[in-house]
Amino acid sequence: MDPIPATVPALVTGASSGIGEQFVRQLAARGHALTIVARRADRLRSLAAEIRKASGVTVSVLVADLETPAGRAAVVDRLHHRSPWLLVNNAGFGTAGEVADLDPAREQAEVSVNVVAVHQLTTEVIAANVDAGGGGVINVASTASFQPIPYMATYSASKAFVLHFTEALSVELRGGRVRVMALCPGPVSTEFGHVAGNQRALQMARPMSPERCVGIALRAFDRGDVICIPGRLNSAGAIGVRLLPRAVVRQTVGMVFDRFQPDRR
């Protein structure tokens with residue numbers, strides 16, 4: 001398959017840092033006009049100004065909080081302005097700890113961003129892309145989507161939704177000109193560990209750079225891959241857990257992640 005033409009605009013959520021910022025930079029280098037979405041207006045505006053100067057592409061800033069119905073509606077409204085789109089659903093965050101000890105509101109917000117927003121934006125754009133005969137969606141999942149992760153239970157479950165939803169869509173769209181892909185990175189050098197409260201685990205895992213992760217992802221998307229797992233060790237791990245009994249997987253993963261809890265020394 002060929003890359004999606006640069007005439008198709010791209011909308012990237014969670015664009016203010018990390019993987020999202022790299023999608024913005026690398027899609028701009030390909031010539032796509034961009035709409036960049038995040039909560040942090042100052043970072044978005046600074047990034048937009050830098051990208052316009054460096055690449056000359058059009059960059060629109062949309063400040064929106066995808067935890068909220070109003071924030072998601074603002075993005076949907078922008079998507080309705082034209083079609084097709086290349087949509088990158090990157091916004092998301094994790095929480096770490098025992099569910100019984102975590103803030104229920106924070107857990108629900110995590111589901112709103114990681115699941116509800118991904119589902120809503122994808123379903124809004126897919127029909128228009130099919131009608132237009134082009135475009136695509138990259139949904140950022142995680143290697144966490146391949147197994148339950150005790151002490152990051154909500155996060156791993158939310159990313160399992162993203163993976164399975166995207167895989168199912170790929171079959172429904174088979175033979176058409178609209179492509180979808182789930183990007184399933186392992187640890188990446190972003191703000192994720194700090195936000196999740198699990199920085200120790202990230203530091204032990206030798207994270208990949210966001211630049212490399214997104215470069216691999218875009219090449220996979222160009223090929224028409226449905227799942228992209230950057231890194232050989234990450235790929236091997238994702239395959240390996242499918243070969244073991246689920247009871248073994250969840251107990252083993254639980255023992256590993258228990259070591260990285262803040263009160264464990």
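Two strands pair if DSSP finds at least two bridges between them. Helices (H or I, at least four residues) and strands (E, at least two) are DSSP runs, numbered from the N terminus.

The model is predicted: local features need pLDDT of at least 70, side-chain atom pairs count only at pLDDT 80 or more, and totals for chains, interfaces and linings use all residues. Residues are numbered from 1 along each chain as its sequence is written, and side-chain values use heavy atoms, with hydrogens and water left out.

**Exercise 1. The sheet**

Task: State the order of the strands in the open sheet, and find the strands at its edges.

Solution.
- Step 1. The protein has 10 helices and 7 strands.
- Step 2. The open sheet of 7 strands has the order S3-S2-S1-S4-S5-S6-S7, and the pairing is parallel.
- Step 3. Strand S3 (59–63) and strand S7 (227–228) each have a single partner strand, so they stand at the edges, and one side of each is left without a neighbour in the sheet.
- Step 4. To look at one pair, take strand S2 (residues 34–38), which runs parallel to S3 and is joined to it by 5 bridges. Leu-34 stands opposite Val-59 in S3.

**Exercise 2. Helices on the sheet**

Task: Say which strands helix H4 lies across, and which strands helix H5 touches.

Solution.
- Step 1. Angles run from 0 to 180 degrees between N-to-C directions; axes are lines fitted to C-alpha atoms, for helices over the stretch in contact. Contact means heavy atoms within 4.5 Å.
- Step 2. H4 lies across strand S1 (10–13), strand S4 (86–89), strand S5 (136–140) and strand S6 (179–183), and runs at about 170 degrees to S4.
- Step 3. Helix H5 (residues 153–172) packs on the sheet and touches S5, S6 and S7. The direction of H5 makes about 155 degrees with that of S6.

**Exercise 3. Two helix pairs**

Task: Classify the angle between H3 and H4, then the angle between H1 and H8.

Solution.
- Step 1. Angles under 35 degrees count as roughly parallel, over 145 as roughly antiparallel, 65 to 115 as roughly perpendicular and the rest as oblique.
- Step 2. The axes of helix H3 (residues 69–79) and helix H4 (residues 104–132) come within 10 Å and cross at roughly 20 degrees. H3 and H4 are therefore roughly parallel to each other.
- Step 3. In this contact, Arg-72, Val-75, Val-76 and Leu-79 of H3 meet residues of H4, including Ser-112, Val-116 and Glu-124. The contact residues divide into 7 nonpolar, 2 polar and 2 charged (Ala, Val, Leu, Ile, Met, Phe, Trp, Tyr, Cys and Pro count as nonpolar, Asp, Glu, Lys and Arg as charged, and the others, Gly among them, as polar).
- Step 4. Helix H1 (residues 18–29) and helix H8 (residues 210–223) pack at about 55 degrees, with axes 9 Å apart. H1 and H8 are therefore oblique to each other.

**Exercise 4. Unusual backbone**

Task: Where are Pro-84 and Tyr-151, and what is the phi of Tyr-151?

Solution.
- Step 1. Most residues other than glycine have a negative phi, and most peptide bonds are trans.
- Step 2. Ser-83 and Pro-84 are joined by a cis peptide bond, with omega about 0 degrees. Pro-84 lies in the loop between H3 and S4.
- Step 3. Tyr-151, in the loop between S5 and H5, has a phi near 75 degrees, a positive value in a residue other than glycine.
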